[in-house]
Amino acid sequence: MRAVIVVALLSSTATVAVSAHHSFGVAFDATKTVTLSGVITKIEWTNPHTHVYVDVKDASGKVVNWKLEGYPPNVLERTGWRKDVTIKVGDTLKFFGWPARDGSPYAHLREATLSDGKRLFFGPPAGTGEGPAEVR
Amino acid sequence: MRPPTHFVLRRGRLAGLLLACVLIAATALAQTKPQPAPRTSDGKPDFTGIYQASSRRGGWDAEAPGDEPGVPAERRPIAVTTTEPIPFRPEARARAQEILNRRSIDDPTGHCIYAASPRITGVGLFPIQFVQTPTQMIILYEYMTVHRVVPINGKHPDDLSPSFMGDSVGRWEGDTFVVDVIGFKPGGWLTGGLVTSDALHLTERYTRVDRDQLNYEVTIDDPKVLTKPFAQRTTLMLREGARLREYSCAENNLDPGVYEKLLKDPSTFTRSPGKSK
C-alpha cells in the first residue's frame, strides 16, 4: 500500500526547470544549432548576461560580428571562468549554441572551446525558462 | 618456535593491508553517512550556512562539457523541484496557457523584477545563505541580490504594504522552521504560467534533515487564481566554500530591447499546445 502511495505521489508531480532571468525560446531557436569559430572583439562581463562578440569569417572572406550570450559573471566564475584571464580580446574562440530566431548574427552560447582546446559551458541548455508547452 | 622471517614479513604486510582496507572503508563510510544537523545553544537546528538548490551532496554543482556538443559529461539535474499539478481557476488556466504560448516573454524577471520565494529558492545557479539568530532567520539570495529578514515568533505588521516578496514571519514547529508569507503585490510570476494575486499566501517549511540537506516545502494558496492550495518541494544542499556575490540585474539588461523587436511580430516565437519548438 505504501509503495502504491509513493508511486501515485510521484506520478502526480512534475519536475520543473526553474527559470532564472528570462525565457530561452523567445529569442533563440532550439531546432537549429550553430558551430562557428572566430576572433573575440569585445567582452561584456556583465549582469544579467555576459556577452562575447566574435568576428567570424565566412567562406567568401566576409567578416560578420556575432553577439554571443550566456550566464552572468557569478555563474561563469563558478563554472571555471575568470574575468580577463580565461578569454581576452584577440583570442580565437570556437562556439556551439543556438541562433537567434530573427536570423541575425546573435546566438545563445552553450559551449566554448578556448584557443588552448579547453572546453567550458558559457550558458544553460536550450529551453531554459520558457516552461512547458501546455499547462500542467 | 619463531616463524620463519619471510612469514613474519608476509603476516605483517597482510595486517597492514587489512588495516588500510579498514581505514579506507571507515573513511568512505564517514563521507557517505549523513552527519546530524548542527544545533544552536538553545537546542534549535542551526541553518547557518550557504546552500544550493540541488539533489547532490558535496561541492558546488557546475556542469562540464561531455563528448557531445552542449551535453554535460555527467547528466544530472542541477536542481530538482517537484510541483503538484496547479489547481488553476478556469480564467487563470487560460492566462497560464497564453503565457506558455508566448514562451514567458512577459516574465517580470526579464525586466529585473524579482519573484517570490518558491521561485528564487529553486534556482540552482545561485547560492542562498542562511544567517540564524535566536530572534531572526535572515535569508540572503545571490539571485537578484535580495534578502528576507524573518522574525521568529513575530507577527505581520499592521501597516503592511504590498511587496514583491511579501512579509514573512517564522516559528519553530519541532525541528522545522515554518514561515508564513502574505502581503504580496499582484502580478508575481511563479511556476508554469501561474500569475499570483494580492491574496497569495505561502506557508514554507524548512527542515535541515542532516548536516548537508535542508528540505524546502511550500504550500501555495491564492484563492483568486487557484481552486485549492498546492505544494512545491526542493532540496537545498550545503555548499561549503561557496560565497555570495553581487548580481546587479539592471547593469546591462539588453533583453527588453530584444523583446521589443520580437513583439512586432509575435508569430516568430509563439507556440501552441503540442508544439514545443
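The exercises below, each with a worked solution, concern a predicted model.

**Exercise 1.** Describe how chain A is built along its sequence, and state what share of chain A is buried.

*Solution.* Begin with the inventory, which for chain A comprises two helices and seven strands. Next, follow these elements along the sequence, where they appear in the pattern α-β-β-β-β-α-β-β-β. Finally, turn to burial: of the 136 residues in chain A, 40% are buried.

**Exercise 2.** Work out which elements of chain A supply the side that touches chain B, and what kinds of residue are found there.

*Solution.* First establish the extent of the contact, in which 42 residues of chain A meet 55 residues of chain B. Then locate the elements of chain A that each supply at least two residues of this side, namely β1 (14–16), β2 (34–44), α2 (73–78), β6 (106–113) and β7 (119–121). Lastly, sort the residues on this side of chain A by kind, which gives 16 nonpolar, 16 polar and 10 charged.

**Exercise 3.** Place strand β8 of chain B (residues 201–208) among its partners, and determine which of its side chains are buried.

*Solution.* Start with β7(B) (residues 176–182), which pairs with β8(B) in the antiparallel sense over six bridges; here Tyr206(B) is the bridge partner of Phe177(B). Continue with β9(B) (residues 213–221), which runs antiparallel to β8(B) and is joined to it by eight bridges, with Asn215(B) as the bridge partner of Thr207(B). Four residues lie between β8(B) and β9(B), and the two strands form a hairpin. Now examine the alternating side chains of β8(B): Leu202(B), Glu204(B), Tyr206(B) and Arg208(B) point to one face and are buried, whereas His201(B), Thr203(B), Arg205(B) and Thr207(B) point to the other and are not buried.

Conventions. Residues numbered from 1 in each chain as written. Chains lettered and ligands numbered in written order. Predicted model: local features only at pLDDT ≥ 70, side-chain atom pairs only at ≥ 80, totals over all residues. Contact = placed C-beta atoms within 7 Å. Nonpolar A, V, L, I, M, F, W, Y, C, P; charged D, E, K, R; others polar. Buried ≥ 20, exposed ≤ 12 C-beta atoms within 10 Å, placed from the backbone. Pairing = 2+ DSSP bridges.
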